[in-house]
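Work through the exercises below with the model open. Each task comes with a stepwise solution.

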Amino acid sequence: MIAAAISVRTILAAIFILMAGSGFLSTLIAIRLEQGGASSLLIGLVATAYFAGLTVGSVRVAALISRIGHIRAFAAFVTVFSASSLAYAIIDLPALWIGLRLIDGFAMAGVFVCLESWLNQQAQPHNRSGILAAYMIALYLGQAVGQFLLNTAEISPDLPFMLSAILLSIALLPVLLTKMEQPRIERVESFSIKRLFSASPLGMVGTLVTGAILGAFYALGAVYVQRTGLGLSQVALFTSMVIAGGVALQYPLGQLSDRFDRRRVIIACLAAVAAICAVLAFAPLPALGIIVTGAFFGGFAFALYPLCVAHSNDHLGEDERVGASGGLVLTYSAGAMTGPIVGSTGMSIMGPSGLFVVIGVLALIGALYGFWRMARSAPVPSAEQQAFQSLPRTTPMAAVLEAEDE
């Protein structure tokens with residue numbers, strides 16, 4: 001993996017800095033809205049706008065990038081995102097933040113498509129898995145480290161937004177100075193909903209549920225922590241531990257799913273998420289208990305998306321997997337758009353615990369659907385299952401990076 005990472009070090013540096021500068025914004029914005037007295041529903045709507053922008057951008061930015069080139073497009077998207085980060089410190093109108101988050105999501109989709117296209121160009125059969133692993137590490141490590149910039153709000157309320165804009169601007173440098181040839185964007189034809197569901201009902205439903213679970217968490221997890229009485233530094237630690245837990249358990253759970261009926265592992269993860277949510281919602285946990293439990297939540301919840309993609313691939317031919325994976329990314333995004341609304345409704349009715357009550361119910365519904373599918377169809381023999389691969393939940397371009405060259 002080290003050799004593969006060196007070959008794309010410029011792109012990895014850019015994605016690390018970008019995620020360090022942008023990955024904490026969803027947490028910061030939720031906290032700022034909460035401190036300003038915004039309702040749970042408004043906080044959910046702001047988060048939904050980001051996922052809506054990310055979804056639209058994932059399917060629309062490719063034409064723009066092809067027309068003006070990757071470097072110019074990347075610079076444009078990052079510049080817009082940097083300007084938007086500063087706008088939050090200037091515009092103290094939460095309703096207008098919905099529009100800003102929509103712009104953020106669209107710009108971030110453009111950034112991901114640009115970077116993932118470059119990674120696709122460099123990926124060869126001998127280094128493809130190493131490049132994907134290095135990309136995942138850079139992405140999640142940057143996101144986890146960036147959470148601690150939340151603590152700078154204690155110095156000045158607007159300082160985190162300024163630091164975000166600075167880091168986003170710095171992230172331009174590795175790409176603007178690169179000598180790598182600008183790549184051609186691979187066109188990803190996503191499956192229709194009907195084709196995707198027909199190929200793998202549990203894969204599609206599991207992905208949709210996972211999107212709703214993680215969309216609700218990213219939108220309102222920080223609000224939950226604050227409403228339980230924890231401080232800003234503990235919010236940052238909680239969020240980073242959720243991300244760290246998600247990275248730590250993906251590979252072991254994936255390896256387990258390669259050896260047994262993958263549906264059992266998906267159901268077990270959903271059941272574990274439901275049980276952990278019950279603890280977070282109803283158990284009187286101390287601060288350390290909330291943080292540690294959050295790490296386990298991330299471990300099982302983050303594993304669900306790549307497990308569902310792997311399960312779908314078990315039912316597809318080699319030439320269908322890229323289209324199906326691209327469709328699953330968009331299915332995940334659709335779930336992520338609904339999650340904040342459902343989660344905020346739960347918090348409005350039941351208070352802070354309502355977030356994890358809702359997430360737990362979603363996970364339980366997914367698990368029950370998995371049991372039903374097991375009763376309706378035979379498993380794919382473990383010897384015929386495709387190897388598990390950790391995947392980012394970014395854009396359909398990641399599906400091309402995952403695919404094996406024939």
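**Exercise 1. Classify Tyr 369 and Trp 372 by burial, then describe their ring pair.**

Step 1. Tyr 369 is buried, because its relative accessible area is 18%. Buried means under 20% relative accessible area, exposed means over 50%, and partly exposed lies in between (1.4 Å probe, protein chains only).

Step 2. Trp 372 has a relative accessible area of 43%, so Trp 372 is partly exposed.

Step 3. Place both residues. They lie in helix α16 (residues 353-376), three residues apart, about one turn of the helix. Helices (H or I, at least four residues) and strands (E, at least two) are DSSP runs, numbered from the N terminus.

Step 4. Compare the rings. The centres of Tyr 369 and Trp 372 are 5.7 Å apart and the planes stand at 40°, so the pair is tilted. Rings of Phe, Tyr and Trp (its six-membered ring) pair if their centres lie within 6.5 Å; planes under 30 degrees apart count as stacked, over 60 as edge-to-face and the rest as tilted.

Step 5. Widen the search. The structure holds 14 aromatic pairs. One aromatic cluster is formed by Tyr 140, Phe 217, Tyr 218, Tyr 224, Phe 238, Phe 297, Phe 302 and Phe 356.

A note on the input: this is a predicted model, where local features need pLDDT of at least 70, side-chain atom pairs count only at pLDDT 80 or more, and totals for chains, interfaces and linings use all residues. Residues are numbered from 1 along each chain as its sequence is written, and side-chain values use heavy atoms, with hydrogens and water left out.

**Exercise 2. Which residues have the most contacts inside the largest nonpolar core?**

Step 1. Fix the term. A nonpolar core is a set of buried Ala, Val, Leu, Ile, Met, Phe, Trp, Tyr and Cys residues joined through side-chain atoms within 4.5 Å.

Step 2. Read off the result. The largest core has 122 residues, and those with the most contacts inside it are Phe 74, Leu 115, Ile 213, Phe 297, Phe 356 and Ile 359. Helix α11 (residues 201-227) gives the most to this core, with 15 residues.

Step 3. Inspect Ile 359. Neighbours within four places in sequence aside, Ile 359 is in contact (heavy atoms within 4.5 Å) with Ile 213, Ala 216, Phe 217, Val 273, Cys 277 and Phe 297.

Step 4. Add context. In soluble globular proteins, nonpolar side chains tend to be buried together.

**Exercise 3. Which residues make the nonpolar surface patch of about 470 Å²?**

Step 1. The patch is made by Ile 166, Ile 170, Leu 173, Leu 176 and Leu 177. Helices α8 (159-170) and α9 (172-176) each give two or more residues to the patch. Patches are made of residues with over 30% relative accessible area and no salt bridge: like charges are joined within 9 Å, nonpolar side chains (Val, Leu, Ile, Met, Phe, Trp, Tyr) within 5 Å.

Step 2. Check one member. Ile 166 sits in helix α8. Ile 166 counts as partly exposed, because its relative accessibility is 45%.

**Exercise 4. How many salt bridges does the whole structure hold, and what do they join?**

Step 1. The search finds five salt bridges. Each has a side-chain nitrogen of Lys or Arg within 4 Å of a carboxyl oxygen of Asp or Glu.

Step 2. Take Arg 32 and Asp 158. Their closest N and O atoms are 3.7 Å apart. Arg 32 is in helix α3 (residues 25-35) and Asp 158 in the loop between α7 (128-146) and α8, 126 residues apart. Arg 32 is buried at 17%, whereas Asp 158 is partly exposed at 26%.

Step 3. Take Glu 34 and Arg 227. Their salt bridge is 2.9 Å, N to O. Glu 34 lies in helix α3 and Arg 227 in helix α11, so the pair ties together parts 193 residues apart in sequence.

Step 4. Take Asp 104 and Arg 101. Their side chains also meet at 2.9 Å, N to O. Both lie in helix α6 (residues 94-122), three residues apart. Both are buried.

**Exercise 5. Summarise the protein chain.**

Step 1. Count elements: 17 helices and zero strands.

Step 2. Check burial: of 406 residues, 59% count as buried.

Step 3. Check contact range. Among contacts between residues at least 6 apart in sequence, 88% join residues at least 24 apart.

Conventions
Accessible areas come from the Shrake-Rupley method with a 1.4 Å probe; for residues, only the protein chains shown count as cover.
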